[in-house]
Amino acid sequence: MSTTLLGERAIVLGAGIAGTLAARALADHFEHVLVLERDGAPDSDGFRRGLPQAKLLHGILRAGLDCMNRFFPGFEQELVDGGAVPCRSARDVLFVDALGPWPQQDTGVEVPLASRAFLDRVLRRRLLGIRNVELRGELSAQGLIAEGDRVLGVTCRAADGTLTRELADFVVDATGRAAHTAEWLESLGFDAPEETRVEVDLGYACCFVRPRTSPPLLGAVVTEPPPHGRFGAAVNAQEGERMIVGIATRGRDISLPEDYASLLASAERLPHPAPFELMRDAEPLSRVARFGFAASVQRHYERLTRLPSGFLCIGDAICSFNPVWGQGMSVAALEVAALADMLAERSGDAATLESLPAAFYAEAARIITTPWQLSVGPDFAYETTRGDRPPGLAAGRGYSRALARLAMQDPDVRGLLTDVYHLVKPREVLFAPELLARVQPLMAPG
Ligand SMILES: Cc1cc2nc3c(=O)[nH]c(=O)nc-3n(C[C@H](O)[C@H](O)[C@H](O)COP(=O)(O)OP(=O)(O)OC[C@H]3O[C@@H](n4cnc5c(N)ncnc54)[C@H](O)[C@@H]3O)c2cc1C
């Protein structure tokens, strides 16, 4: 083994976004990286059972894309070369919320619009081009193998039920929102992490379409205003000269559209006609895919005082966000970037891996803070949202509303807001003294 490496073998569980990027990062520091994925190969449209969300609208944020470009140079260009549609969302997509339609203006932030299946396909192809990475499908991780406080590997089950053991110097669990990490740790005598839960009771129904005429916009996002609003619609251009159209609902008592006619009917009730018109002037290419998302959940591994060495979890396994805010893939990518930096700092000194899980969870919690506030804050404006309220919610909402009003009039403030939303700048820039002095007078008294 080279003296600069941290170990002979690393294992990654799950080949979603977090797992694919984590495997790429680990490949620089371990002789061999084995990725174990429960699913077999995707079908001809790029879909697979473990990723039902791939049939639903996905947007990526600038910061997430920057990380993907770091791990796979030229990744974004490859998406565009394959048909993804470059989009300056503040200019090319119409946003309508409680304040009405936002002016369409160029804030400079550009991201390509692409389906989740296409994004996954390109990422996976790039991963499989890495010499020391091996992907094995149809193997489901069942639990951890440990000795004392050290994880030594995993047990996994093949499709025919056969159980096998795979040993490694380091294991990363990227099995997503339904990860069994907490139970696995408990079975080894560790505590399970505390959870913060925000019940959003979201329903999502989406369909790929082909526009009959050249659409006037690359997309539209329209939501019914809080607190009583229940419906929202989003339309985005996609690779293959298609668009994806979607309806999101809030509340358990709302039935989700089942077919294109009911998708259209839901769009027609919205306060702005743009999504309805884009949907009406298009031909459906797929069945309507539906998804229920009960709650945003953050698992606080950073609060655990005792952790096993040689093991950590990442991505949705730590925190899964209400999908309407389009943050999960980008947060996963930012977490992997932090992991890559920590591995590089420890390069060649395997003993320093001991301290990595605690340091990583602390950094992951810091990364999660801004997107969590950006999503649960607006979620709690809706009467259907229940759960753990962040402190200072009412004051924060008043400030955000006043800031949004200012941003509608001032392109520089809009630019700042866009950068924060895309996780390119920290949320603190929105509270800089000069901005605070302009926003506070616009806040409603009290
Ligand atoms: C409806 C919906 C819409 C979304 N929209 C967006 C969006 O617009 N933008 C955005 O950024 N994010 C969005 N997300 C979130 C995004 O999909 C995730 O945050 C992102 O994919 C990161 O997830 P992950 O890689 O941690 O887990 P996942 O993507 O869930 O991947 C987990 C992988 O682990 C595999 N697996 C599971 N269990 C095992 C096991 N025991 N053994 C081996 N393999 C296993 C699964 O098959 C899967 O491949 C959306 C999510 C949903 C549900």
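The chain folds into 13 helices and 20 strands, where helices (H or I, at least four residues) and strands (E, at least two) are DSSP runs numbered from the N terminus. Its radius of gyration is 22 Å, close to the 22 Å that the globule rule gives for 446 residues, so the chain is as compact as a globular protein of that length. Here the radius is taken over C-alpha atoms, and the rule is 2.2 Å times the number of residues to the power 0.38. Along its principal axes, the C-alpha trace spans about 60 × 50 × 40 Å.

Please keep in mind that this is a predicted model, in which local features need pLDDT of at least 70 and side-chain atom pairs count only at pLDDT 80 or more, while totals for chains, interfaces and linings use all residues. Residues are numbered from 1 along each chain as its sequence is written, and side-chain values use heavy atoms, with hydrogens and water left out.

Now to the ligand. Which residues are closest to the ligand? Among the 34 residues that surround the ligand, the closest are Glu37, Arg48, Gly59, Asp316 and Met329; a residue counts as near if one of its heavy atoms lies within 4 Å. By class, this shell has 14 nonpolar, 14 polar and six charged residues. In this scheme Ala, Val, Leu, Ile, Met, Phe, Trp, Tyr, Cys and Pro count as nonpolar, Asp, Glu, Lys and Arg as charged, and the others, Gly among them, as polar.

The table lists polar contacts, meaning pairs of N or O atoms within 3.5 Å.

| Partner of a ligand oxygen atom | Distance |
|---|---|
| His58, side-chain N or O atom | 3.2 Å |
| Gly59, polar backbone atom | 2.8 Å |
| Gly326, polar backbone atom | 3.4 Å |

Taken alone the ligand exposes 1000 Å², and the protein buries 95% of that; these areas come from the Shrake-Rupley method with a 1.4 Å probe. Helix H1 (17-26), strand S8 (139-147) and helix H9 (328-345) are the elements that give two or more residues to the shell around the ligand.

Next come the spaces in the protein. They are found on a 1 Å grid over the protein atoms alone: a cavity is a set of points where a 1.4 Å probe fits but cannot get out, a pocket is an open set with protein on both sides within 12 Å along at least five of seven lines, and lining residues have an atom within 4 Å of a point. A volume is the space filled by probe spheres set on the points, which are joined across faces, edges and corners.

The second largest pocket has a volume of about 340 Å³. Its lining has 20 residues, with Asp45, Phe47, Lys55, Phe208 and Ser286 nearest its centre. The largest cavity has a volume of about 60 Å³. Among the residues that line this cavity are His58, Gly59 and Met329.

Finally, two backbone details. Most residues other than glycine have a negative phi, and most peptide bonds are trans. Pro226 and Pro227 are joined by a cis peptide bond, with omega about 5°. Pro227 sits in the loop between strand S13 (219-223) and strand S14 (231-238). Glu138 has a positive phi, near 55°, and lies in the loop between strand S7 (133-136) and S8.

Notes:
A polar contact is a pair of N or O atoms within 3.5 Å; within protein, one must be able to donate a hydrogen and the other to accept it, and residues adjacent in sequence count only if both atoms are side-chain atoms.
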